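Let's take a walk through this model, one piece at a time. Keep the viewer open and follow along.

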Amino acid sequence: MKRLSAWNWVCIISLIAVLISGFLYWQTGKSVDIIQDSEIKTGLQNNSLGLDAERDIFFVGTYNNKLMAFQNKTHEKLWELEAKGPFCKLVVRSEQGLLYAGNSDNNVYIIQIDSGEVVNQINVKRRIYDIDVTRDGEEILISAGAAANKHNLFLYTKDGEGIVNLPYKSIIRGVSYTKDEQEIIFGNDRGEFTRIDKAGNVVGMTELQYRIVGVAKMGEDFAALCNDGSYCVLDEQLKLLRRGNVQSNLKVKVASIGADESGEYLVIGTEEGYLYVIDPDGNKAVSVRLSNAVAGILGVDDLIYITGRGDFIKTISVSDLGQMNLYHIIHSITRITGAVSFALLLISLMMSIPVVKGKLFKVGKALYKYRIAYLLLIPTFILLILFNYTPVFLAFTRAFTNWSKDINTLAEIKFVGLDNFKTMFSEGYFLIGIKNLVILMVTGFIKVLTVPILVAWLVYSMRSDRQKYIFRFLFVLPMVVPGIVSSLVWKQIYDPNIGLVNEVLGKIGLSSLQMTWLGDEKTALWAIIFMGFPFINTLAFLVYYGGLIDVDSSLIEAARVDGATRRGIFFRVLLPMIAPQIKMMIVLTFIGVVQDYANIYILTGGGPGTSTYVPGLELYYNVTKFGRYGYACALGLVMFVFILIGTIINMRIKSNNNE
C-alpha cells in the first residue's frame, strides 16, 4: 500500500478544518441572529404592546385603531376593541385585572383584561402622547396636547376624576412616575429632562442638546432618546449615568425606546426600521434593520418584544444577549480559521498533484531568479490590489448583502440573495432611470452621428491648410474647459429669470414660450439633451477628422473621374471609409451615457420629481444620501454588465480594424 505524502496529510487535515470551521461558523451565525418571530398576527400595522404575565395574555395596540388580546401560548385571539385612533401606549395592571390603553382619539380606555369590556373612558380633549399608571391602578398620568405650544400633564383617578392639570408650552413625548410614585419625570421637545412633584413644582432638570422623542424606565433609572440618535441614562435625581449614540448624524423622525425588565439592556427603534440593543457597557449587542418602522418595545421577564408599523412581533431573549460577545468572538475566529484552512487546502491540493507541483516549482524558480525585479514590483501590486481589485471584488460580493451605513460590520452584514435586484424593480426608480437613459442614448447617438461628422467633413474639404489649422484649433479649444464649468454655464442659460433662452424669447416677442426649463417635468429632460448645442463633440470631431484625412486621395480622384458629385463622394466614399470610427463613437457614446450623471446632478438633481432620473444618479444617491451600499453595489453590477457589453463590442471593433 502506497504511503501518503506529507502534503496529502496536510490536505486531509485542512479539509477537516474547513468542514469544522464552516459548521461552527454556521452554528454561531444562527446564535448571533437572536431575533425571533412571534406567531401572533393582527393583519394590521402594530403600534404598541402589553403583556399580562399572570394570565399569559398578550395585547397589541394597532395603528389602525384596533386593540387585540391574544392567548400568548396558543396565539388565539380572545377579544378585540375598536377606537377612533391609533393606540399609542398600553399599561397592564395584572392585580387589578385592568388594561389602560392611551389612544390618539383623546381617550384613555380602562378595560377588563378577561372580557375586553371598557369599564371607563377618560377623555382629555387633546391628543394623547404617553401615559403611566400607579402600581395600584388608582391614578393615571397622561401627557396630551392640542398643538406644539399647548400641552398638558393630567392626573386622573381610574374613575375619571381629574386631580391635576399642568399646562406646558412644548410637547411632552414621554412621562413616567418615579419609584415612590410621588413625583413625575418627563422629557419634552426643548430637550429638557425634568422632575416635578404632583403640584407642578420643578424638583430637578437636566438639559440635553436635542429634542427628546422618547422616555423609558430602565429598572430604577430612566433613559431618554433624542432626535439626533443620541441617548442618555439618568437616575431619579437626574444624574447622568451614561450616554451614547446609536448612529452618528442619524435624524430620527419617530423613534421608540424601551428596556428589558431588569433595566440592563436599552432598546432603541427608528422610523427607518433600525433596531439597536445597547448593553450595559454602551456597546451595540444587536444592530439590525427590520422591514418596517419600530414603534413598540416591551420588556417582560427574559424577553424583549418589538413591533412596529407592520404585521410583525419579534422577540429577543435577554439571556442570549449575555452571550452575544462570546458568539461574535467565536464567529470571527471560525471565519479566520476557515479562510486559513481553505488556503492550506488549495496549496496542499496543488502540491499533491505532480503536474501542478512541477509547474509551481518552475514558477518558483523564475520568481527566485528575478527576485529583485519582483520585489521592486510588490508595492505596485499591493496598490493595484488595494485600490483597483479590492473595490471591484467588494462590489461584486456586497451586491448580494444588506450592507448599509448602519449595517457595516462583518458580523451584521448578511447574504440576502437577489433582494437588492428585486428592489430595483419594486421601487420603480431604476425603471424610470432606464426609460430616461434610453431617451438620452438615442439622442446621444443622433448628436454624435450628425454635426461632428458634418463639421469634420467641412474642415477636411477646405482647400487652404491654414484655414484647416485655424478651424481645427477653434473646434478643439473647448476641450480645455472643464465639463462642470460648461454645465454651470448652461444652468445659467436656462435660468428662468436671467437666462439667455428666456431673454431671447422675450426680445423677439415670444414671451408666451418663456418657462422654467429645468423646473418643468415636460421640458427638463429635453433641456439637458439640448445642452451643448450645436453639439460639436470635440472628441467625435477629432476621431472623424482623423478618419477622413486617412482616406486615400486616389479614391476621391477616381470618384470624380467617374462623375461623382461632392455629395456622392461624401455618402458613397468617405462615410464607408470612416465606418470603423463611426462604430467606435457609437460604442463610446453608449458607455458614456450609461456612466454619466454629472450634468443631471448639477442641473436638476434628477428632478423635478423623477423626470431626469438615471441609474447612475440612483447609484450616487444610495451611496451618499441613503447609505444603502449593498443596493448601490447591485446597481453598479447591473451597469457594469451593460458597460462590459459595450466594451466587448468596442474591442471587437478595434480587432476588426487591425485586421
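Four strands come together here as an open sheet, and reading across it gives the order 22-23-24-25, with antiparallel pairing. Bear in mind that this is a predicted model. At the two edges sit strand 22 (255-259) and strand 25 (284-289), each of which pairs on one side only. Going from one strand to the next, the twist averages 10°.

Now zoom in on one edge of that sheet. Strand 24 (residues 274-278) runs antiparallel to strand 25, and 5 bridges join the two. If you want a spot to click on, try Leu275: its bridge partner in strand 25 is Val288.

Next, hop over to a pair of helices. Helix 8 (residues 451-461) packs with helix 15 (residues 566-577) at an angle of about 110°, and their axes are 13 Å apart. Angles of 65 to 115 degrees count as roughly perpendicular, so helix 8 is roughly perpendicular to helix 15. As for handedness, the two helices cross in a right-handed way.

Who does the touching? On the helix 8 side, the contact is made by Ile453, Trp457, Tyr460 and Ser461. Helix 15 answers with Arg566, Phe570, Leu574 and Leu575. Sort the residues in this contact between helix 8 and helix 15 by class and you get 6 nonpolar, 1 polar and 1 charged. The charged one is Arg566 of helix 15, while the polar one is Ser461 of helix 8.

How values were computed: Residues are numbered from 1 along each chain as its sequence is written. This is a predicted model: local features need pLDDT of at least 70, side-chain atom pairs count only at pLDDT 80 or more; totals for chains, interfaces and linings use all residues. Side-chain values use heavy atoms; hydrogens and water are left out. Axes are lines fitted to C-alpha atoms, for helices over the stretch in contact, and angles run from 0 to 180 degrees between N-to-C directions. Angles under 35 degrees count as roughly parallel, over 145 as roughly antiparallel, 65 to 115 as roughly perpendicular and the rest as oblique. A crossing is left-handed if the near helix is turned anticlockwise from the far one by less than a right angle, and right-handed if clockwise. Contact means heavy atoms within 4.5 Å. Two strands pair if DSSP finds at least two bridges between them.
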